[in-house]
Amino acid sequence: MNINILYIFIVMKGSLNAELKVGDKVMCYHMDGEIGVPPGTIGKVTDVTTDPFEPGGDEKIISVKWENGVNLALISSTDSWKKLMSEE
């Protein structure tokens with residue numbers, strides 16, 4: 001899979017780890033301990049749930065179907081992403 005580093009920097013403006021809902025497009029910046037979804041990979045959110053292992057109840061598990069065919073969840077306490085607007 002080719003990842004355009006220039007594209008990553010163009011979409012970097014704006015805040016990281018925005019609130020996500022089912023159907024949102026997202027770009028992975030970092031997944032802690034995972035190599036199946038490299039930085040710059042784009043995916044579509046399929047589910048958002050509260051992380052049962054975090055005591056505060058604010059942390060989320062965001063299930064994503066990535067364009068490289070991988071299904072891996074983002075964890076809001078450890079991972080970084082950017083919500084993509086429809087024109088990106």
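This passage describes the fold, sheet, core and selected side-chain contacts of one protein chain.

The model is predicted: local features require pLDDT of at least 70, side-chain atom pairs count only at pLDDT 80 or more, and totals for chains, interfaces and linings use all residues. Residues are numbered from 1 along each chain as its sequence is written, and side-chain values use heavy atoms, with hydrogens and water left out.

The secondary structure of the protein chain consists of one helix and five strands. Helices (H or I, at least four residues) and strands (E, at least two) are DSSP runs, numbered from the N terminus. Read from the N terminus, the order of elements is α-β-β-β-β-β. The protein chain has 88 residues, of which 28% count as buried. Buried means under 20% relative accessible area, exposed means over 50%, and partly exposed lies in between (1.4 Å probe, protein chains only). Contacts are heavy atoms within 4.5 Å. Among contacts in the protein chain with a separation of 6 or more, 50% come from residues 24 or more positions apart.

The five strands form an open sheet. Their order is β4-β3-β2-β1-β5, and the pairing is antiparallel. Two strands are taken to pair if DSSP finds at least two bridges between them. The edge strands are β4 (71-75) and β5 (80-84), and each pairs on one side only. From one strand to the next, the twist averages 45°. Angles run from 0 to 180 degrees between N-to-C directions, and axes are lines fitted to C-alpha atoms, for helices over the stretch in contact.

Strand β2 (residues 42-50) pairs with strand β3 (residues 60-66) over seven bridges, in the antiparallel sense. Here T50 stands opposite K60 in β3. On the way to the edge, β3 and β4 also run antiparallel and are joined by five bridges. S63 has A73 in β4 as its bridge partner. The hairpin of β3 and β4 has four residues between the strands. In that hairpin, G69 takes a positive phi near 90°. Strands of a sheet pair through backbone hydrogen bonds, either parallel or antiparallel.

A second positive phi is found outside the sheet. N17 has a value of about 55°, although N17 is not a glycine. This residue is found in the loop between α1 and β1. N17 is partly exposed because its relative accessible area is 29%.

The largest nonpolar core has eleven residues: L20, V26, C28, M31, V37, V45, I62, V64, W66, L74 and W81. Such a core is a set of buried Ala, Val, Leu, Ile, Met, Phe, Trp, Tyr and Cys residues joined through side-chain atoms within 4.5 Å. Strands β1 and β3 each supply at least two residues of this core. The largest share, three residues, comes from β3. V64 is one of the core residues. Leaving aside neighbours within four places in sequence, V64 is in contact with V26, G43, K44, V45, T46, V70, N71, L72, A73 and L74.

The structure holds two salt bridges. A salt bridge is a side-chain nitrogen of Lys or Arg within 4 Å of a carboxyl oxygen of Asp or Glu. In one of them, the side chains of K21 and D24 meet with an N to O distance of 3.3 Å. K21 counts as exposed because its relative accessibility is 53%. D24, at 9% relative accessibility, therefore counts as buried. D24 also forms a salt bridge with K83, with the closest N and O atoms 3.6 Å apart. This pair links distant parts of the chain, 59 residues apart. D24 lies in the loop between α1 (5-11) and β1 (25-30), whereas K83 lies in strand β5. K83 counts as partly exposed because its relative accessibility is 22%. Through shared partners, the salt bridges join K21, D24 and K83 into one network. K83 and V45 are 38 residues apart in sequence, and their C-alpha atoms are 10.0 Å apart in space.

A further side-chain interaction involves T41, in the loop between β1 and β2. T41 counts as buried because its relative accessibility is 0%. A polar atom of the T41 side chain lies 2.7 Å from the backbone oxygen of P38.

Conventions: Polar contact = N/O pair within 3.5 Å; in protein donor to acceptor, adjacent residues only side chain to side chain.
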